[in-house]
Amino acid sequence: MTTCTELDERLTAYLVGTLPETDARDLESHATGCAECEARLDALPRIPRVAQVIALPDGLRLTTLGAVSARRASSRRRRWMLTGAAAACAAIVLLAIQPARKRAQDVAGGASIRYAAERAKPELEALNVAAAEVEEALRVNPDDQALRAFMGTIEERRTAITRQIREAAS
Amino acid sequence: MTRVALVLLVLVAAPLGAQSQIRTGFRATHDVSLRIWVPVGLVRVVTWDRDSIGIDGVTGRNGKFFGGSSGSAAKLGIDARNANDVTLPGGDLTVSVPRRARVWIKMTAGHVDADGVAGELEVFVVGGSIAVRNASGVVSVESIDAPVTIDQASGSLRIRGGRGSVTLHDVDGTATIATVSGAVELSGARIPDSRVETIGGSITVDARPLRHGALDLQTHAGDITVIVDGAHVPLLDLVSRGGRVINPFIKAARGAPGITARSFKGAINVRAGSGVKGGKPVGSP
């Protein structure tokens with residue numbers, strides 16, 4: 001026995017003719033005995049009723065619905081397969097291109113670093129010599145602020161050049 | 001079959017050696033932030049009164065141009081075409097930018113020539129050369145052994161170098177310069193307030209145009225030479241721990257600018273510029 005709530009839930013299926021025959025009859029018999037539901041059914045557009053009027057025999061309808069459902073499933077499967085294939089192709093392309101690009105950048109980056117290190121070598125050696133001289137002087141005058149300032153300059157240049165070598169790749 | 005193989009060979013081999021012409025452009029705001037990355041070659045930056053970026057040039061061996069802009073930010077440069085080719089990708093580009101653009105250039109071994117940038121200019125070059133003219137605003141340069149020349153500029157300059165020399169001619173504003181063995185020379189009709197530090201490089205300053213402000217010069221082993229106007233001798237504070245200090249001027253002019261020079265073991269030599277009365281030349285730079 002259909003209730004008002006069940007009628008609400010089944011109404012769309014009833015209108016488009018997909019509600020099983022027994023359930024459809026049950027819904028109609030409820031509407032006949034319920035003024036509110038009958039008024040609702042009467043107020044609905046006529047077109048859905050047509051579907052009911054030309055309702056197919058149960059067997060044929062089930063076959064048709066089954067075919068539609070199968071076609072939808074197939075369409076969904078095809079869509080998923082196409083999406084999957086597209087994703088796979090994109091992944092293959094990315095996998096092929098990205099490492100090549102990365103490798104190219106790595107090669108260029110490595111060469112840049114080697115070049116920078118080679119160019120900086122004499123400068124780093126000069127800084128080491130200067131640092132050793134100032135350290136020697138600091139051993140004699142450990143509190144000499146001017147010497148500390150010289151040492152600070154040397155350290156700053158050493159840090160800057162080391163950073164420049166590292167950043168030559170980026 | 002032979003024909004197909006030939007076409008494939010041409011397709012594979014052509015990009016490796018061939019130069020490709022580049023002529024393109026992007027829309028940009030008047031203060032666009034532009035990053036340029038060309039590992040090897042030449043980058044010229046010129047300015048124009050348009051809100052766009054124009055690129056004209058060629059790619060070198062193993063080079064492939066890339067670039068794009070969102071309007072307020074843009075980047076362009078040369079990438080490696082072939083990952084298996086160890087040749088650094090290169091190119092020769094002339095990039096036209098809005099005058100107020102903020103331009104960042106990075107090269108491994110290359111020459112940068114920038115003219116008229118009034119926004120910001122940042123240049124990083126390992127080896128090669130850097131020349132900047134008619135710049136105003138902020139100029140920042142870092143190099144390991146590229147000589148740096150800055151001519152006719154005003155604003156704030158920051159130069160960090162290694163072996164390459166640094167030459168400032170007719171520059172106004174403020175400058176901080178540091179090198180390892182690169183020589184530094186400041187000259188021209190204008191001298192910026194400067195702090196100059198070198199380890200082994202010499203420092204030469206023609207301070208005759210200096211009417212105010214200050215120069216702070218420091219070397220480890222490099223010699224310092226200061227040329228002054230004998231009629232307006234600056235306040236001089238000169239100390240070398242292990243080098244000779246030559247200063248023929250005892251009295252400074254009233255309200256004169258100050259020059260501080262410190263050296264660990266380099267010589268410091270102050271002399272009057274030729275044609276300037278009031279000082280007698282001592283030695284030569």
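A nonpolar core is a set of buried Ala, Val, Leu, Ile, Met, Phe, Trp, Tyr and Cys residues joined through side-chain atoms within 4.5 Å. The exercises below use a predicted model.

**Exercise 1.** Find the residues with the most contacts inside the largest nonpolar core.

*Solution.*
1. Take the largest core. It has 64 residues.
2. Pick those with the most contacts inside it: Ile36(B), Ile53(B), Ile105(B), Ile150(B), Leu168(B) and Leu217(B).
3. Look for the main contributor. β9(B) gives the most to this core, with eight residues.
4. Set the other core aside. Another core, of 21 residues, lies apart from this one; Met151(A), Ile154(A), Ile144(B) and Ile199(B) are among its residues.

**Exercise 2.** List what Ile36(B) touches, leaving out residues up to four places away in sequence.

*Solution.*
1. Valines come up as Val43(B), Val45(B), Val95(B) and Val103(B).
2. Ile36(B) also touches Leu76(B), Trp104(B), Ile105(B) and Lys106(B).

**Exercise 3.** Asn134(B) and Asp170(B) each have a positive phi without being glycine. Place each one and classify its exposure.

*Solution.*
1. Asn134(B) has a phi of about 50°. It sits in strand β9 of chain B, residues 120-143.
2. Its relative accessible area is 41%, so Asn134(B) is partly exposed.
3. For Asp170(B), phi is near 60°. The residue belongs to strand β11 of chain B, residues 166-178.
4. Buried means under 20%. Asp170(B) has 10% relative accessibility, so it counts as buried.

**Exercise 4.** Locate Arg71(A) and give its C-alpha distance to Ala90(A).

*Solution.*
1. Arg71(A) lies in helix α5 of chain A, residues 58-140.
2. With a relative accessible area of 64%, Arg71(A) is exposed.
3. Ala90(A) is 19 residues from Arg71(A) in sequence, and 28 Å from it in space, C-alpha to C-alpha.

Methods
Residues numbered from 1 in each chain as written. Chains lettered and ligands numbered in written order. Predicted model: local features only at pLDDT ≥ 70, side-chain atom pairs only at ≥ 80, totals over all residues. Heavy atoms only, no water. Helix = DSSP H or I, 4+ residues; strand = E, 2+ residues; numbered from the N terminus. Buried < 20%, exposed > 50% of the residue type's maximum accessible area, 1.4 Å probe, protein only. Contact = heavy atoms within 4.5 Å.
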